[in-house]
Amino acid sequence: MRQPRPPRGSRRGTPQLRLRVGFVVIAMVLSVFGARLVQLQGLDPNSYAAMAAAEGLVRVELPAERGDILDRNGNALADSVDGMMVVADPELTAAKAPQLARFLYHRLDIDYASTLTKLRADGSRFEYIARRVPSTVATAVVTDALKRGFEGLDTRRDPLRDYPYGDVAANLVGFMGTDEPLAGMERTFDRLLSGTDGSARYQVGGGNRIPLGESTITEPVDGQDLRTTIDAQLQWYTQRVLRQAVEDAGGDSGFAVVMDSHTGELLALADDPTYDANDPTDAPKDDLGSRAMQNVYEPGSVEKVLTVSSLLDLGLVTPRTRIVVPPELDREDRPIHDWFTHGTIHLTMTGAIAQSSNIATVLAADRFKRGQLYDYLRRFGLGQPTDIGVRGETQGLLPALSQWTHQTQDRIAFGQSISVNGVQMAAAINTIANGGVRVSPSLVQGHATTDDGTVVGTDETTERRVVSTRAAKQMTAMMERVVDPDAGVAPYAQVPGYVVAGKTGTAQAVGEGCGCYDGTFDVSFAGFAPADDPRFTVYVVVRNPSNGGGGGSVGGPAFAKIMSYALKRYAIPPTGAEPSRLPTEW
């Protein structure tokens, strides 16, 4: 029997009812969301933000990558390599904090007590445990911690400072501490190198970042590179030669400067002893800076070059000026002697330089009018900082003219009663190499601003004429006789195939404790080559040699090795010139 058909419209009624019910449900859900949104954003946003933070809102630092410190050829003297920070979520580490702190103390060599405090930090979801850890070490530590049942540790990117050349130019480059630069260019140019750290803010739950949770990121701005004038290969060689010179002489320390004679750029600035910038804590504090820039000393007889070139410029002497030199010279306060014993001898002005006679130099300096030598020494750059960008540079000591007496001038004329730093003196000698024009020394290529606001670099180079070209050429010819084995005191400073101009120095050293001459000496040699067309100026100083050697026997051989290497490295050919034959006696 056929069933009766349902009334028309009843088959459509059921779907319509379901649709209506669905719309009602959706409307109710949207109403709930809308009410919640009004509550969160309009009625009490601050309290709910605080609740969210309490539930796991974390802010972390995104370290900027520090700029590299480069040599003149783009080789990195300091750069940043992959490193990591080890971080902790105290909510997950608090339960086993003592055991975990002990584990981290042994693996990362960090302080136990402070680490324990961080692992237990109440209300915190993020704590720094260790910064700038090598990536392999940090990853291994976190992995091993998990295997031991310690939860809540993680790693984040944290660039690590590295010094690829170790001790090469470490005295200039400096080094980083855990959170800040501690020495050298790293500290002097910190704002330039450091950049600006960024930050990330996100929600975590159960120790993990919530993928769709709140997240804001401020990207870091990496630091800028700093390119120096240093030649890493020449610096390396200079340091090795200097170290050997100090050891062979039984000296306490030493430094060496290599300068481009035309531009004033410092190609090498070496100190010994020095240190490995990757591990500076092993070195004594005195070895962590630049002795060439930060220590003052009396230049000794190298200063005679400045005295005599000033006399030449004024027309008060010539290379052939005749001087009668007595065994000693009695002055008002004390007699003046030469380094060698002699009777009355007859030297030319050239001979006074070749034999490094104090007495002859003082007698020649008597021709100055008051203030003339002082003015020349100021123009040579003495008594003023070089401002090349080395923190703690000493400006040396050039007594004010009001303090000069006749005795003061006597002593200053041959390098006593005046103090300098190494780059000051190298730049002064380089003035003669550069035809009488002083070019300011530089350590940075282009320009850069130190943290105290001083702009330095080759773009800031200045020049000023100190003596005439003629006076500089005359002085050069006189200095050539210093290395002549038949006339001078420094034959070991000769460089085969090249004409060398130079000057020895031996100076009494002033003790720090007494402020008086303490019986020790500084010996030195300064010179340039090729003498007839100078390309490099080299200055070597050794502190307190115990073998009894002087500037010629200690500094001379080191000078010759460094100069020879520089000339070959830069493919400077011999000029074929003949050395000076100016008379030294009459």
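Is glutamate 186 buried or exposed? Buried: its relative accessibility is 0%. Keep that residue in mind. We will come back to its partners shortly. One thing first: this is a predicted model.

Let's start with the charges. Side chains of opposite charge can pair when their charged atoms come close. This structure holds 21 salt bridges. I'll take three of them.

Number one is arginine 66 with glutamate 186. Their side chains meet at 2.9 Å, N to O. Where do the two sit? Arginine 66 is in the loop between β1, residues 57-62, and β2. Glutamate 186 is in helix α8, residues 184-188. The two residues are 120 apart in sequence, so this pair ties together separate parts of the chain. Arginine 66 counts as buried as well, because its relative accessible area is 11%, and the cut-off for buried is under 20%.

Number two uses arginine 66 again. Here the partner is aspartate 190, and the closest N and O atoms are 2.9 Å apart. Aspartate 190 belongs to helix α9, residues 190-194. Arginine 66 is in the β1-β2 loop, so this pair ties together parts 124 residues apart in sequence. Aspartate 190 has 18% relative accessibility, so it counts as buried.

Now put these together. Arg66, Arg161, Glu186 and Asp190 are linked in a network of salt bridges.

Number three lies elsewhere in the chain. Arginine 243 forms a salt bridge with aspartate 272, and the closest N and O atoms are 3.4 Å apart. Arginine 243 is in helix α10 and aspartate 272 is in strand β15, so to speak a link between distant parts of the chain, 29 residues apart. How do they compare for burial? Arginine 243 is partly exposed, at 28% relative accessibility. Aspartate 272 is buried, at 7% relative accessible area.That brings us to the sheets. Take the one that holds β15. Five strands form this open sheet, and the pairing is antiparallel. The order is β15-β14-β26-β25-β24. Which strands stand at the edges? They are β15, residues 266-272, and β24, residues 501-510. Each has a single partner strand, so one side of each is left without a neighbour in the sheet. On average, neighbouring strands of this sheet are turned by 10° against each other, direction ignored.

Look at β14 and β15. They pair in the antiparallel sense over six bridges. Phenylalanine 255 has aspartate 271 in β15 as its bridge partner.

Two helices pack on this sheet. Helix α10, residues 232-249, touches β14, β15 and β26. Its direction makes about 35° with that of β15. Helix α19, residues 551-569, touches β14, β24, β25 and β26. The direction of α19 makes about 30° with that of β25, residues 517-529.

Next, the aromatic rings. A pair of aromatic rings is described by the distance of the centres and the angle of the planes. A search of the whole structure finds 10 aromatic pairs. One of them joins phenylalanine 255 and tyrosine 539. The ring centres are 6.2 Å apart. The planes stand at 80°, so the pair is edge-to-face. Phenylalanine 255 lies in β14, residues 253-260, and tyrosine 539 lies in β26, residues 536-543. The pair therefore ties together parts that are 284 residues apart in sequence.

Both rings belong to buried residues. Phenylalanine 255 counts as buried at 6% relative accessibility. Tyrosine 539 counts as buried at 1%. There is a third member here: Phe255, Tyr297 and Tyr539 form one aromatic cluster.

Charges also sit over rings. Arginine 131 lies over the face of tyrosine 128, at 5.2 Å from the ring centre. Arginine 379 lies over the face of tyrosine 376, at 4.7 Å from the ring centre.

Last, another sheet. How many strands form the open sheet with mixed pairing? Four, in the order β7-β3-β2-β13. The edge strands are β7, residues 160-162, and β13, residues 226-227. Each of these pairs on one side only. Two bridges join β2, residues 69-70, to β13, and the two strands run parallel. Leucine 70 has arginine 227 in β13 as its bridge partner.

To close, back to where we began. Glutamate 186 is buried, and its salt bridge with arginine 66 is part of a network with Arg161 and Asp190. Thank you.

Notes:
Residues are numbered from 1 along each chain as its sequence is written. This is a predicted model: local features need pLDDT of at least 70, side-chain atom pairs count only at pLDDT 80 or more; totals for chains, interfaces and linings use all residues. Side-chain values use heavy atoms; hydrogens and water are left out. Two strands pair if DSSP finds at least two bridges between them. Rings of Phe, Tyr and Trp (its six-membered ring) pair if their centres lie within 6.5 Å; planes under 30 degrees apart count as stacked, over 60 as edge-to-face and the rest as tilted. Buried means under 20% relative accessible area, exposed over 50%, partly exposed in between (1.4 Å probe, protein chains only). A charge sits over a ring if NZ of Lys or CZ of Arg is within 6 Å of the ring centre and within 35 degrees of the ring normal. Axes are lines fitted to C-alpha atoms, for helices over the stretch in contact, and angles run from 0 to 180 degrees between N-to-C directions. Contact means heavy atoms within 4.5 Å. A salt bridge is a side-chain nitrogen of Lys or Arg within 4 Å of a carboxyl oxygen of Asp or Glu.
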